[in-house]
Amino acid sequence: MGLVDSVKPASVKQRVSRVLAASLVAAGALMATAAYAGPTLDKITSRGSIKAGVGTTPGFFSPDSSGRWQGFFVDIGRALAITALGDPEKIEFTSSSPQQRLPALQAGEFDILLSGVTITPTRALQLGFHFGPTVFYDGQGLLVRKDLGVTSAAELDGATIGVQSGTTGELNLADFFRKQGKSFKPLTIEDTRQFNAALEEGRVDAITQDSADLVGKQRQLKNPENYVLLPERLSKEPLAPAIAGGDDRWLELVNWTVYALIQAEELGITSENVDTFLDSQDPSIRRFLGADPSLAQAIGLDPKWAYNIIKNVGNYGEVFERHLKPLGWERGYNNIWTNGGLLYSPPFR
Amino acid sequence: MTTVDDALASIRREREAERRPAAGEKGVAAGLARLRKLRNGLFGTWVNTLITLLTVLALWLIVPPFVRWAIIDAVWTGTSEDCAQAAGACWAFIGAKFNFIMFAFYPPSLHWRPFMVLVVIAALLVATATPRLWRRELLLAWFVGIVGSWLLMAGTFSPPTVASNQWGGLPVTMLVWTVCFGLGTPLAIGLALARRSNMRGVRVLAILFIELMRAIPFIAILYVAMLILPMAVPGGALIDKTIRAMIMITLFWSAYIAEVVRGGLQTIPAGQEDAAKALGLGYWRTTQLIILPQALRTVVPALVNQAIGFLLATSLLATIGIFDLLNAARASATDPKWLGYYDEAYMLVAFIYFILCYGGSRYSIWLERRLNVSHRR
């Protein structure tokens, strides 16, 4: 958790320079492609499918009644399958617990983790994992009872707050209150299901967890409308796809799949209207959707890859609306930069 | 223990004494006697009275709210919207999710396959539970049944094929349980014999293996299967995760079963071995004809007991991302359309585990009695 800023700008810069380099060698595009392919991508191509590790958090990844995976990260995975293999179904999702996800990625059990891994320097530099772009800006939130009449976390002076044991949540909470010069009483809760019970029975005034979990928890409370998620975020949890090191091209495919989702929303292209953009005269749109195949050929992808992603999965906003809006999520930081959010795609050229 | 046994024996005698007049003509007198008996049992002493009252209180606190939740206020059919309105259990959730909990990610159009596997395993279990059928053919039936089940689940000879990471639910629980126990038992017999061997090297190796396995928690074994094996063994990542887990579980369980078998071996008096030697039987003939048949017979109830424990332990497969029955139930309640009906999902799973374990424990009691009878004879 935290220390995100020191990682992200550098990697973005790297990516941009890599893209420039790639466009310089565009002449021998196909040969370059072969040279780029690394161990992970080789495995994916020979297997004919991507192995993705996910979790089970409502809205982000969960099986539906027929056993098909659904959710925000799952759709990003399907988009990635289109980029890498041209078929949204050529990806297998496997749920694994938070403790064993990263070791499993290291062991080659997964090609990618789409389980909402927070970008941290330890994971990137010490453990050697590589991160795609942040696809979801999360943070530790506070869910409080409405009858406390509290509208911001700073007003929670002296409150009893439930935190999950074994997480950095308690530390973040202590930091936050110390900064504010306020006091609080932590109540450590072991089992995640007891959070709701503690809140309903009034044993705690508030519970704290990553807001992704809190939104899900709030829906499971007996009277969800009696509780409110405070606007403050006590920590930064930028969730990104994570891959093992050693396969640059695979990392770039992940990057540009996410960028394509964001770029499509910025251009106003949705799964419904994408066909009307095919005869657009805007050169950037023509390059993006493959009406002008020069870009896709240069980077060694199917000219229709971005089109297929948008057609099958939708743009970032559609994915968000489909899976997270029904659970009560607002776009907030997770909006494109032109709408005041943090999502920004480098240009497609 | 003797005092407890005496007490149980006296209770049994009293019960039998009671039953006799009831079977006779004097129905009213017998009924009265039974009432008196009941009253003495419930309120005979102040301790009994206290226990009775506390039990009634506990039942009164637990049962009515549970009945209200599980039956009276429950929603039996409908959608999650109907359930959200109600205060009781949402059994409609089970209706919608039953297939997922039972078979997890197995493709719905092919659900007949895992269903057939369940039928086959159930039939094999029933056959195994019948002492009359304890013959070589049963082993063959198990082999054919399990290999057939595996091929059917994988779709090897009847496409479409289904990768094992899509398997899940009860069939996985049952397959892992039966295969690992089935393969672990012969291994365990070998280990138990090795541990009692006169050959020092063999004995030391067996002791090392058994004690090492018994000193490691089950979860650690699963992590080894999931993470260490692929890195340690060349091409290990190519072996299917479920199979890797099953290999490690078999090794792990065999250490526990070996100790049970060793207990059985120790019940055989040394004189029998000497007598066999005197008859000119070698080690293997002695073991095969004299020692093992008797030793295994004594430990069968203990093995059944062990098997029940192992069945429950399979739920730890969830920690390495295998969708066993319990994990499938948990995941079923994370669907945004049916969010948070964990209680109902866990109730269903608890019910299934209960049937399996209770059946197993009753069987173990029955078997013990039966084997004891034959022993006495």
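**Exercise 1. A span of chain B.** How far apart do the end C-alpha atoms of residues 307–326 of chain B lie, and what share of the span is helix?

Solution. The model is predicted: local features need pLDDT of at least 70, side-chain atom pairs count only at pLDDT 80 or more, and totals for chains, interfaces and linings use all residues. Residues are numbered from 1 along each chain as its sequence is written, while chains are lettered from A and ligands numbered from 1 in the order in which they are written.
- Step 1: the end C-alpha atoms of residues 307–326 of chain B are 18 Å apart.
- Step 2: this span is 45% helix and 0% strand. Helices (H or I, at least four residues) and strands (E, at least two) are DSSP runs, numbered from the N terminus.
- Step 3: for residues 139–158 of chain B, the figures are 80% helix, 0% strand and 25 Å between the end C-alpha atoms.
- Step 4: the unreviewed UniProt entry annotates both 139–158 and 307–326 of chain B, among other spans, as "transmembrane region". Such annotations may be inferred rather than shown by experiment, and their positions are given in the numbering used here, with feature names shortened.

**Exercise 2. The contact between the chains.** Determine how chain B contributes to its contact with chain A.

Solution.
- Step 1: chain B and chain A each bring 26 residues to the contact; two residues are in contact if their C-beta atoms, placed from the backbone, lie within 7 Å.
- Step 2: on the side of chain B, helix H5 (91–103) and helix H10 (218–232) each supply at least two residues.
- Step 3: H10(B) gives the most, with five residues.
- Step 4: by class, this side of chain B holds 18 nonpolar, five polar and three charged residues. Here Ala, Val, Leu, Ile, Met, Phe, Trp, Tyr, Cys and Pro count as nonpolar, Asp, Glu, Lys and Arg as charged, and the others, Gly among them, as polar.

**Exercise 3. The five-stranded sheet of chain A.** Describe the strand order, the edges and the packing of this open sheet.

Solution.
- Step 1: the order in chain A is E10-E9-E11-E8-E12, with mixed pairing; two strands pair if DSSP finds at least two bridges between them.
- Step 2: strand E10 (184–189) and strand E12 (227–229) of chain A are the edges, each pairing on one side only.
- Step 3: from one strand to the next, the twist averages 25 degrees.
- Step 4: strand E8 (residues 140–145) of chain A is antiparallel to E12(A), over three bridges. Val144(A) has Val228(A) in E12(A) as its bridge partner.
- Step 5: helix H7 (residues 169–180) of chain A packs on the sheet, and its direction makes about 150 degrees with that of E9(A). Axes are lines fitted to C-alpha atoms, for helices over the stretch in contact, and angles run from 0 to 180 degrees between N-to-C directions.

**Exercise 4. Burial in chain A.** Why does Gln281(A) count as exposed?

Solution.
- Step 1: a residue is buried if 20 or more other C-beta atoms lie within 10 Å of its own, exposed if 12 or fewer, and partly exposed in between, with C-beta atoms placed from the backbone.
- Step 2: Gln281(A) is exposed because 7 other C-beta atoms lie within 10 Å.
- Step 3: Gln281(A) sits in the loop between helix H10 (248–266) and helix H11 (283–289) of chain A.
- Step 4: in strand E4 (residues 91–95) of chain A, by contrast, four of the five residues are buried. E4(A) pairs in the parallel sense with strand E1 (residues 50–54) of chain A, over five bridges, and Phe93(A) in E4(A) stands opposite Ala52(A).
- Step 5: of the 349 residues of chain A, 46% count as buried.
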